[in-house]
Amino acid sequence: MGLSMTPIVAIVGRPNVGKSTLFNRLARSRDALVDDRPGVTRDRLYVEVRHGDRRFTLVDTGGFEDLGQDPLLAMVREQVSKALDEADLVVFMVDGRQGVMPGDEEMAGLLRCRQKKVFLAVNKIDGPELEHLSMEFYKLGLENLYSLSAAHGYGVGTFLSDLTEALPPGVSEEGREDRIRVAVMGRPNTGKSSLINRLLGLERLLVSELPGTTRDAVDTPFQWEGKGYLLIDTAGIRRKARVKEKIERFSVIKALRSLKRCHVAVVILDAGRGVTDQDARICGYAFEEGRGVVLAVNKWDLVKGDRSAIQRLEMEMERKLKFLSFAPRVRISALTGEKVTSVLKQVDLVYEQFTTRAGTGRVNRAVREMIDRHPPPRVGRGRLKFFYATQAGTKPPTFVIFVNRPDAVHFSYRRFLTNRLREVLGLEHTPIRLKFRAK
């Protein structure tokens, strides 16, 4: 199964117009099988939606706004424009009961300059008797206007059908599968540009940049020790655009684009600052996308001799990144170049396991042995019966286990089987997926 890039749809609008309500309603239409693993990010800002035979990634910008102030202040405006640059299609939400507000006109102006496909969703129209409230919004000059109620579902079906119809086609990322696709990620000022420049400086001959498959992305191929790599979306990263970047929480959309296209994400942590919530969120996205991860602890030279600082950092990683316990960690200094080649060695190791395929006989024996040694806990009066196990895919390795009652497999037993499969099949450093199916 290759990587493919689903179109990205962003919901924007003033605070309290119902963005998150619409997000949650559309999220329910997704295929439940896609996501039968525990979530990591507490605040889900994106979700894969399936409608008919189309899929898209929906991003809720509701978690980003600074409430209590004019919603379109400079910083928020800058963040919204980031989201608009990255999205393939924009849902602009307004409150039908309130009528056109100044913030709506400003947002409509931003959208008109962008020449993006925009769907104007006039919310809180609970039935045909309120449709007349939408008329006023035609003055915003946006053509696709929909009256709907995110809370009650009125008008949402037609809106969703037209939206999926208007999506650009998804892009397959098969192309050059012989190259390892690597995304370098991290908060602003953690050292992304320095690391990318170091990695590219390793080779004697710099290969020219390639336009990426997604709009405006620039991918940079390079060779190291005879192997081909592709650094995903280095546009703007290599030329340090602004030395002092604001913390762009909207760059979640950019991060998602890169994650959906890479095999291995190198997440940079700042040894001096420790593990922030934003670091944990980026790692959570990588985990949920099922990508291989290498944790590069940068600026190690700042804490090298300080035992208590190192201990504090390790405890934070243990606590906040527990779900990534399988990801190898490398201590580096992008500034001095120390240990930068170790990053690539770990990328190779993770990729090798990420693409491993084990024979059905071997998988079956491993699962049978685990169950004989540690039978699953009883469920009511009966016991769980495991019939058969097989590997269904790679990138990441995905296993299907047939069982009499898939819904009754306890989370702790699932974790036990996952950890043992890692050990037995030599997959200690890759995410793996386990799916339980009824026979």
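Tutor: Helices here are DSSP runs of at least four residues, numbered from the N terminus. The model is predicted. One such run is helix α9, residues 340-354, and D348 lies in it.

Student: Is D348 buried or exposed?

Tutor: Buried means under 20% relative accessible area. D348 has 15% relative accessibility, so D348 counts as buried.

Student: Which residues is D348 in contact with, leaving aside neighbours within four places in sequence?

Tutor: The contacts are I180, W224, K227 and Y229.

Student: Now the sheet. How do strands pair in general?

Tutor: They pair through backbone hydrogen bonds, either parallel or antiparallel. This model has an open sheet of six strands with mixed pairing. The order is β3-β4-β2-β5-β6-β7.

Student: Why is one side of β3 and of β7 left without a neighbour in the sheet?

Tutor: β3 (46-51) and β7 (144-147) stand at the edges, and each has a single partner strand, so one side of each has no neighbour in the sheet. Neighbouring strands are turned by 25° against each other on average, direction ignored.

Student: In which sense do β6 and β7 pair?

Tutor: Strand β6, residues 118-123, pairs with β7 in the parallel sense, over four bridges. Take F119: its bridge partner in β7 is N144.

Student: Which strands does helix α1 touch?

Tutor: Helix α1, residues 19-27, packs on the sheet and touches β2 (8-13), β3, β4 (54-60) and β5 (89-95). The direction of α1 makes about 155° with that of β4.

Student: And where does helix α4 lie?

Tutor: Helix α4, residues 156-166, lies across β2, β3, β4, β5, β6 and β7. Helix α4 runs at about 170° to β6.

Definitions and conventions:
Residues are numbered from 1 along each chain as its sequence is written. This is a predicted model: local features need pLDDT of at least 70, side-chain atom pairs count only at pLDDT 80 or more; totals for chains, interfaces and linings use all residues. Side-chain values use heavy atoms; hydrogens and water are left out. Helices (H or I, at least four residues) and strands (E, at least two) are DSSP runs, numbered from the N terminus. Buried means under 20% relative accessible area, exposed over 50%, partly exposed in between (1.4 Å probe, protein chains only). Contact means heavy atoms within 4.5 Å. Two strands pair if DSSP finds at least two bridges between them. Axes are lines fitted to C-alpha atoms, for helices over the stretch in contact, and angles run from 0 to 180 degrees between N-to-C directions.
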